[in-house]
Amino acid sequence: MTLSIRPDLTSGDQVVSSLATGQQQTVTEAEMMQAVRTLLIGLGEDPDREGLKDTPKRVMKALQFLTKGYHESLDELLNGAVFTENANEMVLVRDIDIFSSCEHHILPIIGRAHVAYIPNGKVIGLSKIARICEMYARRLQVQERLTVQIADALQGLLKPQGVAVVIEATHMCMVMRGVQKPGSWTVTSAMRGVFAKDVRTREEFMNLIRHNSNFH
């Protein structure tokens with residue numbers, strides 16, 4: 001397990017502003033399709049044959065969808081769904097399906113995220129927690145960064161007593177190529193505030209998310 005603990009992270013404004021959510025498009029769709037066509041030729045294929053004729057466009061569209069998180073922002077995603085509420089017990093959304101892409105090989109990362117926070121006068125719509133996970137997952141990622149981004153976004157937005165995020169995932173770059181180890185999975189965690197400071201709170205969270213590691 002990779003553990004990220006930052007108990008001193010309490011100021012939200014700088015955190016949220018530091019999490020870039022947009023990118024400037026620098027190439028055209030035609031250039032992207034030509035790049036795919038070049039790759040096909042390099043692999044020894046004929047991009048003009050029937051089965052591959054529309055592949056450059058399909059690959060471009062697929063990659064645009066799989067990385068759409070670059071063009072989403074926290075403000076647009078939240079749409080005002082942060083509410084004042086006198087609650088101070090743990091809120092947990094577990095088993096959020098995660099589909100991301102490894103930035104080293106652009107191969108799938110598939111897993112689940114478990115996200116909890118302890119409110120400090122503010123709560124967020126539950127579906128927004130899943131949407132935050134989705135936004136950061138739909139980018140070229142490493143699992144360690146993805147885990148931290150989700151934790152820091154919630155800590156910055158809500159300024160809660162604490163945030164905990166655990167992601168369990170399998171990486172196709174380890175399964176389909178390289179060491180070729182199907183069934184292997186990686187766990188990363190990020191603890192903020194009381195989850196980092198209080199062992200009992202952290203253990204309560206870990207007990208609540210405990211389940212069979214075979215999540216396929």
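# Exercises on a predicted model

At the start of helix H9, a side-chain oxygen of aspartate 198 comes to within 2.9 Å of the backbone nitrogen of arginine 200. The model is a predicted one, and the exercises below begin with this helix.

**Exercise 1. Determine which residues of helix H9 are buried, how they are arranged about its axis, and what covers them.**

Step 1. Helix H9 spans residues 199–209, and its buried residues are Thr201, Phe205 and Ile209.

Step 2. Viewed down the axis of H9, these buried residues fall within an arc of 65°, so they line one face of the helix. As a general point, an α-helix has 3.6 residues a turn, so residues three or four places apart point the same way.

Step 3. The cover over the buried residues of H9 includes strand S3 (91–102), strand S4 (108–118), strand S7 (162–171), strand S8 (186–193) and helix H8 (194–197).

**Exercise 2. Starting from glutamate 134, trace the salt bridges that its side chain makes, and state which residues are linked in the network.**

Step 1. The side chain of glutamate 134 meets that of lysine 68 in a salt bridge, with an N to O distance of 4.0 Å. Because glutamate 134 lies in helix H5 (residues 126–137) and lysine 68 in the loop between H3 and helix H4 (74–78), the pair ties together parts that are 66 residues apart in sequence.

Step 2. The side chain of glutamate 134 also meets that of arginine 138 in a salt bridge, here with an N to O distance of 2.9 Å.

Step 3. Relative accessibility is then read for each partner: glutamate 134, at 25%, counts as partly exposed, and lysine 68, at 24%, counts as partly exposed, whereas arginine 138, at 9%, counts as buried, the cut-off for buried being under 20%.

Step 4. The network of salt bridges links Lys68, Glu72, Glu134 and Arg138.

**Exercise 3. Describe the salt bridge between arginine 192 and aspartate 152, and decide whether its partners are buried or exposed.**

Step 1. The side chains of arginine 192 and aspartate 152 meet at 2.7 Å, N to O. Since arginine 192 belongs to strand S8 and aspartate 152 to helix H6 (residues 143–158), the pair ties together parts that are 40 residues apart in sequence.

Step 2. Both arginine 192 and aspartate 152 are buried.

Step 3. For the structure as a whole, the count comes to 11 salt bridges.

**Exercise 4. Set the surroundings of serine 101 beside those of valine 59.**

Step 1. Serine 101 is placed in strand S3, and with a relative accessibility of 7% it counts as buried.

Step 2. If neighbours within four places in sequence are left aside, serine 101 is in contact with Leu66, Leu107, Ile109, Ala137, Arg139, Leu140 and Gln141.

Step 3. Valine 59, by contrast, lies in helix H3 (residues 55–66) and counts as partly exposed at 31% relative accessibility. Together with Leu63 and Ile106, Val59 forms a nonpolar patch on the surface, the three having about 210 Å² of accessible area together.

**Exercise 5. Summarise the protein chain in terms of secondary structure, burial, contacts and surface.**

Step 1. The secondary structure comes to 9 helices and 8 strands, and buried residues make up 42% of the 216 residues in the protein chain.

Step 2. Among contacts with a separation of 6 or more, 73% are between residues 24 or more positions apart.

Step 3. The accessible surface of the protein chain is about 11,900 Å², and 52% of this surface belongs to carbon and sulfur atoms.

Key. Residues numbered from 1 in each chain as written. Predicted model: local features only at pLDDT ≥ 70, side-chain atom pairs only at ≥ 80, totals over all residues. Heavy atoms only, no water. Buried < 20%, exposed > 50% of the residue type's maximum accessible area, 1.4 Å probe, protein only. Helix = DSSP H or I, 4+ residues; strand = E, 2+ residues; numbered from the N terminus. Arc of directions from axis to C-beta. Contact = heavy atoms within 4.5 Å. Polar contact = N/O pair within 3.5 Å; in protein donor to acceptor, adjacent residues only side chain to side chain. Patch = residues over 30% accessible without salt bridge, like charges linked within 9 Å, V, L, I, M, F, W, Y side chains within 5 Å. Areas by Shrake-Rupley, 256 points an atom, 1.4 Å probe, with all protein chains shown as cover.
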